[in-house]
Amino acid sequence: MLHALALACLAVAQEGQRRPPNVVVLVADDLGWRDLGCTGSSFYHTPNLDRLAREGTRFETAYAAAPVCSPSRAALMTGKAPARLDTTDWFGASRKGALLPAPYVNHLPLEEVTLAEALREAGYETAFLGKWHLGGDGFLPQDQGFQQNIGGCEWGAPHKGYFAPWSLPGYDDSEVPKGTHLTQHLTDRAVGFIEAQASAGDAPFLCWLSYYVVHTPLQAPEELRAPYEAARAALAYTDAERWGTEGARKARLVQDHATYAGMVAALDQSVGRVLDALDRLGLAEDTIVVFTSDNGGLSTSEGHPTSNLPARAGKGWLYEGGLRVPMIWRGPGVPAGARALDPAIGMDVYPTLLELCGLAARPSQHVDGASLAPVFAGAPLAPRALHFHYPHYGNQGGAPSTAVRVGDQKLVHWYEDGRTELFDLARDFGEAIDLAALLPERAVALARVHDTWLHEVAAKLPVPNPEFKP
């Protein structure tokens, strides 16, 4: 009798000690904040991402840590700002101009405790799939806490194209049918990993699916592209309606690029397959899903495939179009159908996942991130400044610059000519009206806040280029 009672008590105790939730992180490449139906696009169709938003919480004011990929991806992995890590440009960049850009580290430092390493310590099975671009040999996903690495290498894009064979360094695609789209293949492997973990059933898992889409080269399966060709023709924009300028660059003002739309559709279908797999395997209620992008949409270069309006500019710029990204959370403890107004940034993913998984915080690691869990509980985040530092020349026309947002006000400083701009995002989301001359005291106050932060993180600055000839 006593033995039976003990067994019953043990069963009750085990029932009350549910294992930590699984984690699925989905990171798109170059996807703009307005490239989803749920964020305002009327040209791209994203039913699966819209479903994710309905079933979870969407942050309406979410930022990447940087306007280009490697820095923002390093921030997601570490919870630290790129300026603190000295990973401020995409790895491999070397553009110069009137200034020599700040030096940067071209790999994710091994001494950082990545989110994958933190979850491994807690018993998680971990897999990375897709775009890495955080270092080559010795600095690959398997060196940074992931037990499996499927397609992650030093490349920032599939240089051989999206249709197999891809010839990704370190990845054998010899048995993949010729012409298979890379997004489809990575999704197959992600679903396979999730199925294997569901079958094993003895440990929580982290599946980090890091898409190469919608990065160039602009290639989409024909069956996904073709419907958008007809939709584009029906819109019949004139060149004057389609094109504007940002600095010296041509900028797309409307969303009507059929191939890009097909790439967005491929991304959306992949997200749908992952969500369906979680449903089919009975894992949806025990899995946290995070979706975001590594920087704003590409609008001023390399095919100009999307528009971020009403946000200004795009990838490679510190204006809102280069920094604003979609961010959606779903899972246990996350309200469904909610819209969060608190500004969020890439570094917040690390501490938020730790808290939602019931794991101890690592404040010395995610020093620049804040847990978003209070937002899910209905409480506002503490006010904070959001800092951005891009002391480089971007492929997309941006120049060395640095920025800070405090409340609704944002300061952008340009290193080449020393120009400072001040914007009120609540009244001027498109950053068209520079208030620096009208509100000089406010501009100085924000500059002091930002300068203090730059000093704190030991941010590297650009210097004059003695070989520059105008």
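## A tour from hairpin to core

Start at the hairpin of β15 and β16: two residues sit between the strands, and Gly407 takes a positive phi near 60 degrees. Bear in mind as you click around that this is a predicted model.

**Stop 1: the strands around the hairpin.** Select β15, residues 401-406. Five of its six residues are buried, so the strand is largely enclosed by the rest of the structure. Now add β16 (residues 409-414), which pairs with β15 in the antiparallel sense over six bridges. On the other pairing, β14 (residues 385-390) also runs antiparallel to β15, joined to it by six bridges. Show Arg405 as sticks to follow the register: Leu386 stands opposite Arg405, and Arg405 in turn stands opposite Lys410 in β16.

**Stop 2: Leu100.** Jump to β4 (residues 99-100), where you'll find Leu100. Is it buried, partly exposed or exposed? Leu100 has a relative accessible area of 26%, and buried would need under 20%, so Leu100 counts as partly exposed. Leaving out residues up to four places away in sequence, Leu100 touches Pro462, Val463, Pro464, Asn465 and Pro466. Put a distance label between the C-alpha atoms of Leu100 and His392: they are 8.1 Å apart, with the two positions 292 residues apart along the chain.

**Stop 3: the sheet.** Switch to cartoon and colour the eight strands of the open sheet, in the order β6-β5-β7-β1-β10-β11-β2-β12. The pairing is mixed. At the edges are β6 (148-150) and β12 (338-340), each pairing on one side only. Going from one strand to the next, the twist averages 15 degrees. For a look at one edge, zoom in on β2 (residues 57-59), which pairs with β12 in the parallel sense over three bridges. There, Thr57 has Ala338 in β12 as its bridge partner.

**Stop 4: helices on the sheet.** Bring back α2, which lies across β2, β10 and β11 (327-330) and runs at about 60 degrees to β11. Then show α9: it packs on the sheet, touching β1, β7, β10 and β11, and its direction makes about 175 degrees with that of β10.

**Stop 5: α7 against α9.** Keep α9 on screen and add α7. How do the two helices cross, left-handed or right-handed? The crossing is right-handed. Their axes come within 8 Å and cross at roughly 135 degrees, and the pair is therefore oblique. For the contact itself, select Leu224, Arg225, Tyr228, Glu229 and Arg232 in α7; these meet a set of α9 residues including Ala258, Ala261, Gly262 and Gln269.

**Stop 6: the cores.** In soluble globular proteins, nonpolar side chains tend to be buried together. Here the largest nonpolar core has 53 residues, and Val24, Leu31, Ile194 and Phe291 have the most contacts inside it. Elements supplying at least two residues each include β1 (22-28), α6 (182-200), β7 (205-210) and β10 (287-293). Which element gives the largest share? That is α9, with twelve residues. Centre the view on Val24 and list its contacts beyond four places in sequence: Ile194, Phe205, Cys207, Val274, Leu278, Thr287, Ile288, Val289 and Val290. For a last selection, pick Phe59, Leu119, Leu140 and Tyr350, which belong to a second, separate core of 43 residues.

Methods
Residues are numbered from 1 along each chain as its sequence is written. This is a predicted model: local features need pLDDT of at least 70, side-chain atom pairs count only at pLDDT 80 or more; totals for chains, interfaces and linings use all residues. Side-chain values use heavy atoms; hydrogens and water are left out. A nonpolar core is a set of buried Ala, Val, Leu, Ile, Met, Phe, Trp, Tyr and Cys residues joined through side-chain atoms within 4.5 Å. Buried means under 20% relative accessible area, exposed over 50%, partly exposed in between (1.4 Å probe, protein chains only). Helices (H or I, at least four residues) and strands (E, at least two) are DSSP runs, numbered from the N terminus. Contact means heavy atoms within 4.5 Å. Two strands pair if DSSP finds at least two bridges between them. Axes are lines fitted to C-alpha atoms, for helices over the stretch in contact, and angles run from 0 to 180 degrees between N-to-C directions. Angles under 35 degrees count as roughly parallel, over 145 as roughly antiparallel, 65 to 115 as roughly perpendicular and the rest as oblique. A crossing is left-handed if the near helix is turned anticlockwise from the far one by less than a right angle, and right-handed if clockwise.
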